[in-house]
Amino acid sequence: MKQRINAEHIINTFLNYTRFNTTSVPGSPHLPSCENQYLLAKYVVGQFSDITSLETNIKDNAITKLTLPANHPDSPAIVFFAHLDTAPDHVGDTRAIRINNYDGGVIILPGSGDKMSPSEHPELLAYTGQDIITTDGTSLLGADDKAAIAAGVEALRYMIEHPEFKHGDISLVLLPDEETGIRGAKALDVSELNASFGICLDCCGVGEFVTENWYAGSAVLTFYGVTAHPMSAKGKLVNALSMAADVIAALPAGERPEHTEGREGYYWPHKLTGDTASALLEIAIRDFDSEGYQSRKKTLWNIVDNVKQRQVNSSVSVEISDIYDNVKPVLDKTPLILENVQQAMRNLGIEPKPLVMRGGYDGSVITPKGLPTVNIFTGAHNFHSTREFLPVESLRLAGEMLLEIVELSVGEPRYE
């Protein structure tokens, strides 16, 4: 197996990044939503301050680009993408723990006393005999997505230190606030990258790569009722909360997250606030098929219309916005990208595991902008959880994957 990426070096690089608490802030109007995302970007760029061949740029919104110019002009320009923020599910500082030569037993997280057992997390057994990085049980680990930053940095470092390694223009782009609406990717000017394709590292276990993801939308419904004293409310009172509840009840009962899996879409009423006079309901809409996604939006409109007709003195405002698209139609038109991803895995002794992703990632915004972007593993498990863990060898292989894909792409067309 190829050993271009040093395991100790890449894990130390990752652990240094976890010392920056880059928890994104939901609802913040700022990009980045927290200053530490910018500080982490600045730190990453500073690691290459003595490399004159590397072009670097940090924008005020923390979108960061590091580019190594091509030494093989007939090869495609490739972008490695990683996001700077960590999820707001837990906001504490990362306290990483290294478990040497994991024995396949129960792991006790010392900060909380919580236990991770193979019976609950059977994926642990695949890493028996390996070193694993966990949290202490009180925070996220931040491998989502600082493991990706480390893999991109170490791949760049290898190419800089080995000028005989042929490549086209290679960029590492760091994006803020993926976890709160993929906002960094939405602010990215893809045309400035002048690239052929991109690689996100925002996936899970070794061998996994995303072949498709959701069409995703968000519906915000605001209900306006009519208030009246309850002792004389008959025929007068229109309860905004009841209208919202009627919409929720009218959604197809089996088409909610708790009842679906695989390629099954859903409606997810996930936030309801208000009172009798007015209420706000937020519903996530998801489907893997474009026609199915459009049909879901129409179904929601029809449900709202029916509720309005039963409450003639009320009103409802509806805002439905598209959040991101399925990457599959674009990736299907550029099959060489996924072919190289799978061949790179086979070259490294990894079993390819195509994944239908019930979620989104930066590439699901970047791809529709004109840059086909696949999503491959970082090697971490249990994203957004205090039981998040990262096998050291898996992270090393993520860095190797970037080098292998670049190597396979040398001399290929720019996929345009």
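Two strands are taken as paired where DSSP finds at least two bridges between them. On that basis, the predicted model contains an open sheet of eight strands, arranged in the order 1-2-8-3-9-16-10-15 with mixed pairing. The edges of this sheet are formed by strand 1 (55–58) and strand 15 (353–357), each of which pairs on one side only. From one strand to the next, the twist averages 25 degrees. In general, the strands of a sheet pair through backbone hydrogen bonds, in either a parallel or an antiparallel sense.

At the edge formed by strand 1, the pairing is antiparallel: four bridges join strand 1 to strand 2. Within this pair, N57 stands opposite K65 of strand 2. The two strands form a hairpin with five residues between them, and A62 in this hairpin adopts a positive phi near 80 degrees. Strand 2 also pairs with strand 8, again in the antiparallel sense, over five bridges. Here L68 is placed opposite I170 in strand 8. Strand 2 is mostly covered, with four of its five residues buried.

A parallel pairing is found between strand 9 (residues 197–203) and strand 16 (residues 373–377), which are joined over five bridges. The bridge partner of C200 in strand 16 is N375.

Two helices that lie across strands of the sheet were examined. Helix 2 (residues 35–46) lies across strand 1, strand 2 (64–68) and strand 8 (170–175). The direction of helix 2 is at about 165 degrees to strand 1. Helix 10 (residues 392–409) lies across strand 3 (78–83), strand 8, strand 9 and strand 16, and runs at about 145 degrees to strand 16. Strand 8 is thus among the strands crossed by helix 2 and also among those crossed by helix 10.

The length and burial of helix 10 were also considered. At 1.5 Å a residue, its 18 residues should span 26 Å, and this agrees with the 27 Å that separates its end C-alpha atoms. Of the 18 residues of helix 10, 15 are buried, that is, under 20% relative accessible area. Helix 10 is therefore largely enclosed by the rest of the structure. The helix is followed by G411, which has a positive phi near 85 degrees.

Definitions and conventions. Residues are numbered from 1 along each chain as its sequence is written. This is a predicted model: local features need pLDDT of at least 70, side-chain atom pairs count only at pLDDT 80 or more; totals for chains, interfaces and linings use all residues. Side-chain values use heavy atoms; hydrogens and water are left out. Axes are lines fitted to C-alpha atoms, for helices over the stretch in contact, and angles run from 0 to 180 degrees between N-to-C directions. Contact means heavy atoms within 4.5 Å. Buried means under 20% relative accessible area, exposed over 50%, partly exposed in between (1.4 Å probe, protein chains only). The expected span of a helix is 1.5 Å times one less than its number of residues.
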